[in-house]
Amino acid sequence: MPTNKSPGMDGLTVEFYRVFWDILGPDLVTVWAESLQSGVLPLSCRRAVLTLLPKKGDLHDLRNWRPVSLLSTDYKIVAKAISLRLGSVMADVIHPDQTYTVLGRSIFDNLFLVRDLLELGRRDGLSFALLSLDQEKAFDRVDNGYLLSTLQAFGFGPQFVSFLRVLYASAERLVRLNWTLTEPVSFGRGVRQGCPLSGQLYALAIKPFLCLLRRRMTGLVLREPELRLVLSAYADDVLLVVQDPGDLARVEACQAIYLAVSSAQVNWVKSSGLAVGDWRQVSSLPPALQTIQWSAGPLLYLGVYLSATHPSPPENWQNLEGGVIERIRKWMRLLRCLSLRGRALVLNQLVLSMLWYRLNTLAPGFLTHLRRLIDSRVLLVRNALGPCWSSSFTPEGRRAGPEVSVHSGPRFPPPGPAEALL
């Protein structure tokens with residue numbers, strides 16, 4: 001289990017259980033076994049502190065806040081054990097077009113598929129549309145009764161389903177509000193964000209909706225290679241491939257059925273569509289689908305702008321410099337405490353990660369420019385460190401001497417924000 005995570009109400013962290021596991025482990029296993037058999041978890045496992053994290057948009061609107069449950073570590077341990085068992089069969093249960101929480105699958109599978117599909121459309125002059133569905137409060141709207149019934153329908157055994165029923169039975173939340181906690185509030189739907197099982201349970205909960213879409217939609221039928229594409233899904237980010245305009249009405253009908261059984265809801269206003277080639281939507285659509293924003297411009301999918309006319313839309317890079325500078329500014333006060341290696345670590349984790357994610361998908365011609373930019377910054381550091389550079393690095397680039405501190409070497413004027421971490 002990952003460390004340095006916020007604990008639950010008891011304040012006991014993962015590090016605590018690792019140190020004292022030889023003492024606490026046998027007793028905890030006994031308690032969990034009795035709880036799973038009796039159907040009641042200890043109070044510390046049933047209760048979670050609900051805190052809100054801001055998302056983008058107007059923060060006066062409650063819908064722009066993301067709820068996260070701070071669960072006790074003993075609950076996370078037993079949930080993680082069940083999650084490992086569930087993970088071993090997820091690939092056999094979940095369709096290949098859903099990549100979330102399935103071993104051997106990646107978010108890049110979705111991005112590469114859509115990127116290559118748009119490239120194929122440009123090359124062969126295909127006409128189709130991509131419809132991105134926005135699920136409203138997806139994880140919080142999953143009905144617990146529906147979820148357990150879905151697991152039974154997929155063939156999960158009664159003992160496994162009963163374990164999950166125990167984990168969610170009598171579950172309560174205490175909302176963190178103005179530095180205080182409210183009275184416990186019971187809930188009958190939603191998977192706990194923060195629980196090791198939440199992602200896998202959601203992937204299973206949305207599977208019937210995706211199966212219904214595959215069955216009723218025509219999708220895009222390709223001749224070479226022979227392939228029928230209907231959708232691409234990463235958790236609640238569902239992207240539909242539409243060639244027959246009648247599929248749009250079928251999507252609305254499928255959503256109505258899914259809403260009736262699971263409480264899930266699509267926000268049609270925030271949903272968006274991308275028209276490729278000469279595709280045109282029909283005018284006679286259900287009222288809900290008439291609010292979808294259709295365009296021929298780039299479509300934002302899983303954090304990357306993808307376009308039917310440009311292999312690397314400039315929207316991916318327009319605000320990137322500002323985001324990089326903003327992240328660097330937050331570390332300016334700690335620069336004097338960081339060695340050269342520490343600065344490189346911060347740069348790689350907080351700055352370059354913003355680039356690699358897009359570059360892995362788009363691989364634009366800007367890679368050459370990026371390489372020149374990095375080389376110029378390395379040259380800047382080399383000139384600034386002077387003798388310390390040659391004494392600290394061998395010609396092959398391997399470390400030869402002790403780690404270079406920011407205080408070692410000659411003094412030079414303070415760098416600008418974009419250069420400070422290099």
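Start by selecting Arg-250: at 29% relative accessibility, this residue counts as partly exposed. Keep in mind as you click around that this is a predicted model. Now add Asp-244, whose side chain meets that of Arg-250 in a salt bridge, 3.4 Å from N to O. Asp-244 is partly exposed too, with a relative accessibility of 30%. Bring in Asp-247 as well, and you have a network: salt bridges with shared partners join Asp-244, Asp-247 and Arg-250.

**More salt bridges**

How many salt bridges are there by this rule? The count comes to seven. Two more to look at involve neighbours in numbering.

Select Arg-115 and Asp-116. Their side chains form a salt bridge with an N to O distance of 3.1 Å. Arg-115 is partly exposed, with a relative accessible area of 26%, and Asp-116 also counts as partly exposed, at 42%.

Next, go to Arg-123 and Asp-124, where the side chains meet in a salt bridge of 3.0 Å, N to O. Is Arg-123 exposed or buried? Arg-123 counts as exposed, at 61% relative accessibility. Its partner Asp-124 is partly exposed, at 42%.

**The largest cavity**

Switch on your cavity display. A search of the whole structure turns up two cavities of 30 Å³ or more, and the largest has a volume of about 50 Å³. To see its walls, select Leu-113, Val-114, Leu-117, Leu-130, Leu-229, Val-230, Leu-231, Ser-232, Leu-239 and Val-241. Colour by element and you'll find that α6 (107-124), β9 (231-234) and β10 (237-242) each give two or more residues to this lining. The top contributor is α6, with three residues. What is the lining like by class? Nine of its residues are nonpolar and one is polar, with no charged residues.

**The second largest cavity**

Now move to the second largest cavity, which holds about 30 Å³ of space. Its lining is Leu-50, Pro-67, Val-68, Ser-69, Asp-140, Arg-173, Val-191, Arg-192 and Gln-193. Which element gives the largest share of this lining? That's β2, with three residues. By class, you get four nonpolar, two polar and three charged residues around this cavity.

**The largest pocket**

Hold on to β2, as it turns up again here. The largest pocket contains about 1400 Å³ of space. There are 33 lining residues, and the ones to select if you want those closest to the pocket's centre are Lys-55, Lys-56, Arg-66, Asp-134 and Asp-237. Three elements to highlight are β2 (65-70), β3 (128-133) and β13 (299-301), which give two or more residues to the lining. The largest share comes from β2, with three residues. Try colouring the pocket lining by class: you should see 13 nonpolar, eight polar and 12 charged residues.

**Two positive phi angles, and a contact**

Time for some backbone. Select Thr-101, in the loop between α5 (90-93) and α6. Its phi is near 60°, a positive value in a residue other than glycine. Thr-101 is partly exposed, at 31% relative accessibility.

Where does Ser-263 sit? You'll find Ser-263 in the loop between α11 (246-262) and β11 (272-276). Here phi is near 75°, again a positive value in a residue other than glycine. Ser-263 counts as partly exposed, with 22% relative accessibility.

Stay in the loop between α11 and β11 and pick Gln-265, a partly exposed residue at 23% relative accessibility. Then draw a distance from the C-alpha of Gln-265 to that of Arg-141: the two atoms are separated by 7.9 Å, although the residues are 124 apart along the chain.

**Last stop: a nonpolar patch**

Finish on the surface. Select Val-19, Phe-20 and Ile-23, which form a nonpolar patch with about 310 Å² of accessible area together. Ile-23 lies in helix α2 (residues 21-38). Why does Ile-23 count as exposed? Because its relative accessible area is 60%, and the cut-off for exposed is over 50%.

Methods. Residues numbered from 1 in each chain as written. Predicted model: local features only at pLDDT ≥ 70, side-chain atom pairs only at ≥ 80, totals over all residues. Heavy atoms only, no water. 1 Å grid on protein atoms, 1.4 Å probe; cavity = no way out; pocket = protein on both sides within 12 Å on 5 of 7 lines; lining within 4 Å. Points joined across faces, edges and corners; volume = space filled by probe spheres on them. Helix = DSSP H or I, 4+ residues; strand = E, 2+ residues; numbered from the N terminus. Nonpolar A, V, L, I, M, F, W, Y, C, P; charged D, E, K, R; others polar. Patch = residues over 30% accessible without salt bridge, like charges linked within 9 Å, V, L, I, M, F, W, Y side chains within 5 Å. Areas by Shrake-Rupley, 256 points an atom, 1.4 Å probe, with all protein chains shown as cover. Salt bridge = Lys/Arg side-chain N within 4 Å of Asp/Glu carboxyl O. Buried < 20%, exposed > 50% of the residue type's maximum accessible area, 1.4 Å probe, protein only.
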